[in-house]
Amino acid sequence: MSQDEPITVYYLQMTSPDQLRGKPRPEGLKVVEAELKEYRFNRYLYQLVGEAWQWTDKLALPNEEWLRYSERDQLRTWVAYHRGSIAGYYELEQQEGGTVQIAYFGLAPGFIGMGFGGYLLTHALDSAWSWGDTRKVWVHTCTMDHPGALNNYRARGMEIYRTEKE
């Protein structure tokens, strides 16, 4: 994609856990919640996964803002490991009205194409639905993200409810 092309942002949602079309866990992949919050870890995961997709909006934030963002009760982080290495991660943000946002989701560069994304998203959606009184799970992606991202969200049962051009 050239820098002259407009960016399309897709907003997707799931309004019932019955919509989830899960993918089985690949052998050797383990997903663990980072129950002890550490903002430096969230910053590392953000950079590790997002670097290839130009996630830059948070990189310049001071430590205090990272701490406020990542160590609050409304944010939970899970990390996928394969053979002891970080394969990917996701963050869930609990919002008002029973809404949970998949705030960040992705695979580390060396693990793309190994079939981990479908299961990691299945895990994220299951985790979102099991958090409190969840009534809707949503996410946004764009044409700057991995070319398979939108298809993965849709394949798991999420539906586009809005698009924007930037």
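Here is a quick tour of the packing, ring pairs and charge pairs in this structure.

Keep in mind that this is a predicted model. The largest nonpolar core has 32 residues, and a second, separate core has 13. A search of the whole structure turns up ten aromatic pairs and five salt bridges.

**The largest core**

- Inside the 32-residue core, the residues with the most contacts are Y90, L92, I102, L125 and Y153.
- Plenty of elements chip in: β1 (8-14), β2 (29-33), β3, β4, β5, α3 (117-129), β6 (136-142) and α4 (149-155) each supply at least two residues of this core.
- Helix α3 gives the largest share, with seven residues.
- L125 is in contact with M14, L20, I102, V137, R156 and M158, once its neighbours within four places in sequence are set aside. One of those partners, I102, is also on the list of residues with the most contacts inside the core.

**The second core and helix α2**

- The separate core of 13 residues includes Y39, Y46, W55 and A103.
- Helix α2 runs over residues 63-70, and its buried residues are W66, Y69 and S70.
- Looking down the axis of α2, those buried residues fall within an arc of 80°, so they line one face of the helix.
- Flip to the face turned away from that buried side and you meet the exposed residues E64 and R68.
- What does the buried side of α2 pack against? Its partners are α1 (39-50), β3 (75-82), β4 (85-95) and β5 (99-107).

**Aromatic cluster around α1 and α2**

- Y46, W55, W66, Y69 and Y104 form one aromatic cluster. Two of its members, W66 and Y69, are buried residues of α2, while Y46 and W55 are also listed in the 13-residue core.
- Y46 and W66 pair edge-to-face, at 5.6 Å centre to centre with 70° between the planes.
- That pair links distant parts of the chain, with Y46 in helix α1 and W66 in helix α2, 20 residues apart.
- Are these two rings buried or exposed? Y46 counts as buried at 1% relative accessibility, and W66 counts as buried at 1% too.

**Around Y11 and the β1 strand**

- Y11 and W138 make a stacked aromatic pair, 6.2 Å centre to centre and 25° between the planes.
- Y11 sits in strand β1 and W138 in strand β6, so the pair ties together parts that are 127 residues apart in sequence.
- Y11 has 12% relative accessibility, which is under the 20% cut-off, so Y11 counts as buried. W138 comes in at 14% and likewise counts as buried.
- Y11 has a charged visitor as well: R162 lies over its face, at 3.9 Å from the ring centre.
- Next door in sequence, Y10 is also found in β1. Beyond residues up to four places away in sequence, Y10 touches V139, H140, T141, C142, T143, L150, I160, R162 and T163.
- R162 therefore shows up twice here, over the face of Y11 and among the residues Y10 touches.
- Y10 and A155 are 145 residues apart in sequence and 15 Å apart in space, C-alpha to C-alpha.
- For another charge over a ring, look at K136, which lies over the face of Y161 at 5.1 Å from the ring centre.

**Salt bridges**

- Side chains of opposite charge can pair when their charged atoms come close.
- E33 and R76 form a salt bridge, with the closest N and O atoms 2.8 Å apart.
- E33 lies in strand β2 and R76 in strand β3, so this pair ties together parts that are 43 residues apart in sequence.
- Both ends are partly exposed: E33 at 22% relative accessibility and R76 at 22%.
- R162, the residue over Y11, also forms a salt bridge with E164, the closest N and O atoms being 3.2 Å apart.
- R162 is partly exposed at 37%, and E164 is partly exposed at 30%.
- The side chains of D133 and R135 meet in a salt bridge too, at 3.6 Å from N to O. D133 has a relative accessible area of 54%, so it counts as exposed.

Definitions and conventions. Residues are numbered from 1 along each chain as its sequence is written. Side-chain values use heavy atoms; hydrogens and water are left out. Buried means under 20% relative accessible area, exposed over 50%, partly exposed in between (1.4 Å probe, protein chains only). Helices (H or I, at least four residues) and strands (E, at least two) are DSSP runs, numbered from the N terminus. The arc is that of the directions from the helix axis to the C-beta atoms. Contact means heavy atoms within 4.5 Å. A nonpolar core is a set of buried Ala, Val, Leu, Ile, Met, Phe, Trp, Tyr and Cys residues joined through side-chain atoms within 4.5 Å. Rings of Phe, Tyr and Trp (its six-membered ring) pair if their centres lie within 6.5 Å; planes under 30 degrees apart count as stacked, over 60 as edge-to-face and the rest as tilted. A charge sits over a ring if NZ of Lys or CZ of Arg is within 6 Å of the ring centre and within 35 degrees of the ring normal. A salt bridge is a side-chain nitrogen of Lys or Arg within 4 Å of a carboxyl oxygen of Asp or Glu.
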